[in-house]
Amino acid sequence: MSPEEIRRRAGMLEEAARQGREIERFTASDPAFSMPDAYLVQEELVSHAVASGDKRIGWKMGLTSRAKMQQMKVNQPIYGILTERQRLQSGDELSLKSRIHAKIEPEVAFVMKSDLSGRVDLAAARAACAGACAAMEVIDSRYRNFEFQLPDVVADNCSASAFVLGPIAPLPQALATAAMEMRVDGSPVQKGSAADILGDPLLSLIELSVMLEARGLSLHAGDVVLAGAATAAVMLKAGTRVEATVAGLPPVSLRVS
Ligand code: OOG
Ligand code: MG
């Protein structure tokens, strides 16, 4: 795909996000749109944000749970890029203004203590983390009806819209099987386990490291990594308060306006 076409597609996604308007998925008119091209569009999209003053701060894994794969009807983990403007503080207000059809999902996040590259074992992955936290991700696909194929969603930075991290704490010994729950106004709406994230959120971190290496990239000290949702995502409603818990870690919350 030509550099002009990569730029054109990134521009369409950027404009859709800015106007809060959905667009047709690329694979509808171009079935040949490939994963390598999609990651180039993603890079281009984020480089536009950086040129306008945003900053890259880490990575997000997507479609790491069976629940998410079934919900989105796609079947392979993918990654996207986290930036400073996507980040909210726990307890903050999330505005739905200018979002299209935002959903929220419970996640586990890591903050890297050291660089990480390629396939490593669980002990090395754990040792490379400064800490972990309960997190929630707000996803808002720029495509009509939140429907896409893998290259579409990769180009759209994996539907990234916003994320919130709870307080960072040492990794619990039993993180791999930690119970997870998301509540809206105090009522549970999703229940799962960290094991729903590729069997162990640290395995998701390793998978990210492997996928990045394949593209000549790696994880760096200080990077934030969202390991992926443990459950299906839930539609956001203004006026509610959403909270997520991961056993062994402090909770995280958002108010929706
Ligand atoms: C794609 C992003 C998936 C996750 O945690 O699985 C994702 C989507 O569902 O729109 O962020
Ligand atoms: Mg996610």
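This passage describes the ligand site and the largest pocket of a predicted model. Local features need pLDDT of at least 70, and side-chain atom pairs count only at pLDDT 80 or more, while totals for chains, interfaces and linings use all residues. Residues are numbered from 1 along each chain as its sequence is written.

Ligand 1 is surrounded by 17 residues (each with a heavy atom within 4 Å of the ligand). The closest are Lys60, Leu63, Lys68, Glu105 and Ser159. By class, this shell holds 9 nonpolar, 3 polar and 5 charged residues. Strand S1 (56-62) is among the elements that supply at least two residues of the shell. S1 gives the most, with 3 residues.

Oxygen atoms of ligand 1 meet several polar partners. A polar side-chain atom of Lys60 lies 2.9 Å from one oxygen atom of the ligand. For Glu107, a polar side-chain atom lies 3.0 Å from an oxygen atom of ligand 1. Ala229 brings a backbone N or O atom to 2.9 Å from a ligand oxygen. On its own, ligand 1 has 320 Å² of accessible area (Shrake-Rupley method, 1.4 Å probe), and the protein covers 100% of that area.

The largest pocket holds about 670 Å³ of space. A pocket is an open set of points on a 1 Å grid over the protein atoms alone, with protein on both sides within 12 Å along at least five of seven lines; lining residues have an atom within 4 Å of a point. The lining has 25 residues, and Ala17, Ala49, Asp54, Ala160 and Ser161 lie nearest the centre. It divides into 9 nonpolar, 7 polar and 9 charged residues.

Methods:
Chains lettered and ligands numbered in written order. Heavy atoms only, no water. 1 Å grid on protein atoms, 1.4 Å probe; cavity = no way out; pocket = protein on both sides within 12 Å on 5 of 7 lines; lining within 4 Å. Points joined across faces, edges and corners; volume = space filled by probe spheres on them. Nonpolar A, V, L, I, M, F, W, Y, C, P; charged D, E, K, R; others polar. Polar contact = N/O pair within 3.5 Å; in protein donor to acceptor, adjacent residues only side chain to side chain. Helix = DSSP H or I, 4+ residues; strand = E, 2+ residues; numbered from the N terminus.
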